[in-house]
Each structure stands twice: as structure tokens, then as C-alpha cells.
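Here is a walk through one protein model, written for someone meeting it for the first time. Have a look at the structure, then read on.

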Amino acid sequence: NYRSDLEDFLMLFGEEQTCLPSITQKFATEIDNFAVRNDDVIVASFPKAGTTWTQEMVWSIKNRANFEGASLNIYQRFPMLEACGLPSLLTTGEPFILNSLEYLGQIKGQRLIKTHLPFSLLPKDIQLQRKSPKIIYVVRNPKDVFISYFNHTRIIDGFKGNLEDFADLFLSDSVVFAPFWKHVFGFYNRKDLPNVLILKYEDMKKNLKSEIVRVSQFLEEKPLTDDELTLIGRRLDFNFMKNNPSVNHQCFSDEMKRKNHQLEGDFMKSGSVGGYKREMTDEMVQKFDRWIEENITDTELYEKYWF
Ligand code: A3P
């Protein structure tokens with residue numbers, strides 16, 4: 001059944017009982033002790049909140065719209081901290097997947113790092129404020145995250161359940177990187193720290209350029225010229241990214257095909273705000289709305305447009 005299929009490869013970690021692939025246990029101490037550097041830039045998020053979009057933005061700003069090195073896969077340009085020992089994803093032996101910690105340790109210049117870990121499981125250097133890398137956390141309407149995650153879980157993990165089944169898992173915090181609200185508030189509640197910036201997917205959709213400028217200021221970059229801003233904006237356009245093999249996760253689809261897994265669709269679906277309305281029943285929406293309401297009432301994260 002759909003629940004036991006998932007539970008088979010998941011374990012609970014830390015005080016917040018975060019759901020992670022069991023293999024992560026082998027690397028837990030290494031992650032704790034990972035040597036963070038003050039000039040690291042970390043893009044953190046709950047999966048499907050717009051992580052890749054933000055990574056491509058940060059990379060483009062850092063490279064000042066010079067895209068010469070951009071054909072390298074985003075996984076290499078912007079490795080994922082906890083991507084260790086996940087050969088089920090890629091079997092071609094890339095070091096940034098097999099042991100991202102080692103791969104990151106060997107990078108000489110400034111490092112751009114992606115993570116889906118909750119704040120409570122980040123390396124000790126960050127927890128204990130021994131280092132203060134810049135951290136950008138991306139938030140998105142949980143219902144759009146849910147639909148996007150359903151698509152992802154079917155493609156990557158071969159999830160066989162239907163949308164109702166996935167809603168059951170999502171709302172009971174039984175998906176990878178859950179519990180959801182602890183994840184969001186673990187970062188959101190630190191939004192006033194000088195090294196933390198919160199980005200919202202919906203703001204990026206509404207006014208991408210001003211979000212690019214905000215991120216570039218946060219990164220303490222020299223102001224972008226109009227040309228640079230325009231070039232970066234083009235690069236971050238949904239259709240451009242959807243057709244760009246270095247960011248559209250095509251490598252996974254190719255791998256799945258090699259393994260003869262049936263692919264159910266694209267990684268980048270519609271990239272829309274409120275797309276959940278097309279897929280969820282009214283009843284399901286109401287259930288989610290109650291859950292959202294319960295968790296954000298009386299917090300500063302009260303987003304009216306989520307409802
Ligand atoms: P959908 O599944 O709703 O299409 P992540 O990178 O965190 O996995 O997030 C993936 C989601 O971000 C997908 O949402 C994807 O389409 C969307 N996304 C990626 N690039 C985007 C862009 N340039 N513009 C808008 N949405 C984008």
C-alpha cells in the first residue's frame with residue numbers, strides 16, 4: 001500500500017522527527033560536522049517551493065549574467081547538501097550526488113549550496129552561529145507545493161497512490177522533509193537575522209525583476225545594470241527554464257528512462273500560482289485550508305492569497 005511503500009525507505013530524524021530517506025543516517029554526523037564557510041550562499045526550501053528557480057537566480061546574479069558556465073547541470077553548480085548516497089536517483093556515479101559533502105568540501109571558491117533540510121538539522125556551524133552564511137528560504141502556497149510534490153513523488157519515487165492518498169500523507173507530515181510547518185517556521189522565524197532572507201514564490205511570479213534586485217542586494221552585489229537584469233530575467237522565464245536541460249531535471253527523466261520506469265509527466269509542470277484549483281476537489285481544498293489556517297493564524301506569515 002502507498003503508506004508502507006514510502007515508510008520502507010524513510011526514517012525520522014532529530015527532535016522535530018523529520019522524515020528523511022534512511023540512507024541519510026549514514027551521513028548524519030558528517031552533515032552535523034560539515035564545515036560551513038561565512039561566504040557560502042544557501043538556498044533552502046521545502047521541496048517544490050521554487051528551489052531550482054531561486055538557485056538559477058542566485059547563480060545568475062553571482063555570475064553577473066555571464067552564462068558561459070551555465071550549461072553545467074545545476075546539481076553541479078549548486079550542489080544539494082544532503083544529497084549523499086542516493087544512487088537510486090542517478091547511477092552514473094556523479095560525485096555531487098554520491099557524496100555531496102565531499103564534493104562541496106573540495107570547492108575552492110565561493111560555494112552555492114541547496115538544501116531541503118529543516119533548520120533544526122542544518123550543520124552545527126549554523127545552529128551554534130559559529131558561521132553565518134547567507135541563507136535564502138523560499139516559501140510557496142502549500143496547496144501548490146502539494147500538487148507539485150505529488151507530481152515529483154510519482155516521477156522520482158515511483159509513488160503509485162492517487163492524489164487523495166498523497167493528501168493523506170502530506171497532511172499527516174509523512175512525506176520526505178516533513179513536518180511541513182516546522183520546516184517553514186524554522187526559517188521564517190529567523191527572518192530578522194541579517195543573514196536570512198525569505199522569498200515568496202508568488203512574489204517572484206508577480207514581479208520577478210524586483211525580487212532579483214532584492215536578492216542581489218541581500219547578497220551585497222554591486223547593483224545590476226539594466227542589461228544584466230534583463231538577461232537574468234530572460235534566463236529565469238518559465239518557458240526558458242523548462243527547455244533548459246541544465247535546470248529542468250531532464251537528467252532524472254533520462255535516468256528513469258534508462259531504468260525503464262514509466263514517466264508520468266514533466267518535472268516543471270505549469271509553474272503557476274493557484275494551479276492547485278485545477279486538480280483538487282473542493283473538499284480537499286477545504287481540508288487544506290483548515291490545516292493552513294490552524295498553522296498560520298496569529299503568525300506574521302498570514303498570506304491571504306493562499307486561500
Ligand atoms: P510546478 O510543479 O507547480 O510546475 P522546486 O525547484 O523547489 O522543486 O520547485 C519546482 C516548482 O517550481 C515547479 O512547480 C516548477 O514548475 C516551478 N518553477 C521552476 N522554474 C520556474 C520558473 N522559471 N517560473 C515559475 N515556476 C518555476
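Phe177 sits in the loop that links α9 and α10. Its phi is positive, about 80°, even though Phe177 is not a glycine. Is Phe177 buried or exposed? With 21 other C-beta atoms within 10 Å, and 20 or more being enough to count as buried, Phe177 is buried. Keep in mind that this is a predicted model.

The α9–α10 loop has something else to show. Pro179 is placed there too, between α9 (163-171) and α10 (180-188). The peptide bond that runs from Ala178 to Pro179 is cis, and its omega is near 5°.

Another loop, the one between α3 and α4, has its own backbone quirk. Arg64 is found in that loop, and its phi is positive, near 45°, in a residue other than glycine. Arg64 has 14 other C-beta atoms within 10 Å, so it comes out as partly exposed. Asn63 belongs to the loop between α3 and α4 (74-77) as well. Asn63 is also partly exposed, since 16 other C-beta atoms lie within 10 Å. From Asn63 to Lys114 there are 51 residues along the sequence, and 17 Å in space from C-alpha to C-alpha.

Over at helix α1 (residues 2-7) you'll find Tyr2. Tyr2 counts as partly exposed because it has 16 C-beta neighbours inside 10 Å. Which residues does Tyr2 touch, leaving aside those up to four places away in sequence? They are Phe159, Lys160, Gly161 and Asp165. Take Gly161: 159 residues separate it from Tyr2 in sequence, yet their C-alpha atoms are 5.4 Å apart.

Here are the three partly exposed residues just discussed, with their neighbour counts.

| Residue | Place | Other C-beta atoms within 10 Å |
|---|---|---|
| Tyr2 | helix α1 | 16 |
| Asn63 | loop between α3 and α4 | 16 |
| Arg64 | loop between α3 and α4 | 14 |

Now for the sheet. Four strands form an open sheet in the order β4-β3-β5-β6, and their pairing is parallel. Which strands are at the edges? β4 (112-115) and β6 (196-200) are, each pairing on one side only. From one strand to the next, the twist averages 20°.

Strand β3 is a good place to look inside that sheet. On one side, β3 (residues 41-45) pairs in parallel with β5 (residues 134-139) over five bridges, and Val43 has Ile136 of β5 as its bridge partner. β3 also runs parallel to β4, joined to it by four bridges, and there the partner of Ala44 is Thr115. β3 is mostly covered, with five of its five residues buried. In a regular strand, side chains alternate between the two faces of the sheet. In β3, both faces are covered: Val41, Val43 and Ser45 are buried on one side, and Ile42 and Ala44 are buried on the other. Helix α3 (residues 51-62) lies across β3, β4, β5 and β6, and runs at about 165° to β3.

There is a strand pair of the antiparallel kind as well. β1 (residues 10-13) and β2 (residues 18-21) are antiparallel and share four bridges; in this pair, Leu10 is matched with Pro21 of β2. Their hairpin has four residues between the strands, and Gly14 takes a positive phi near 70° there.

What surrounds the ligand? The shell has 19 residues, and the closest are Thr51, Thr52, Ser148, Lys269 and Gly271. Helices α3, α8 (142-157) and α14 (238-242) each give at least two residues to this shell. Sorted by class, the shell has seven nonpolar, nine polar and three charged residues.

Finally, step back to the whole protein. How many helices and strands does the protein have? There are 16 helices and six strands. The radius of gyration is 19 Å, close to the 19 Å that the globule rule gives for 307 residues, so the protein is as compact as a globular protein of that length. The C-alpha trace spans about 50 × 40 × 40 Å along its principal axes. Of the 307 residues, 35% are buried. Among contacts between residues at least 6 apart in sequence, 73% join residues at least 24 apart.

Terms used: Residues are numbered from 1 along each chain as its sequence is written. Two strands pair if DSSP finds at least two bridges between them. Axes are lines fitted to C-alpha atoms, for helices over the stretch in contact, and angles run from 0 to 180 degrees between N-to-C directions. Two residues are in contact if their C-beta atoms, placed from the backbone, lie within 7 Å. A residue is near a molecule or strand if its C-beta atom, placed from the backbone, lies within 6 Å of it. Ala, Val, Leu, Ile, Met, Phe, Trp, Tyr, Cys and Pro count as nonpolar, Asp, Glu, Lys and Arg as charged, and the others, Gly among them, as polar. A residue is buried if 20 or more other C-beta atoms lie within 10 Å of its own, exposed if 12 or fewer, and partly exposed in between; C-beta atoms are placed from the backbone. The radius of gyration is taken over C-alpha atoms; the globule rule is 2.2 Å times the number of residues to the power 0.38.
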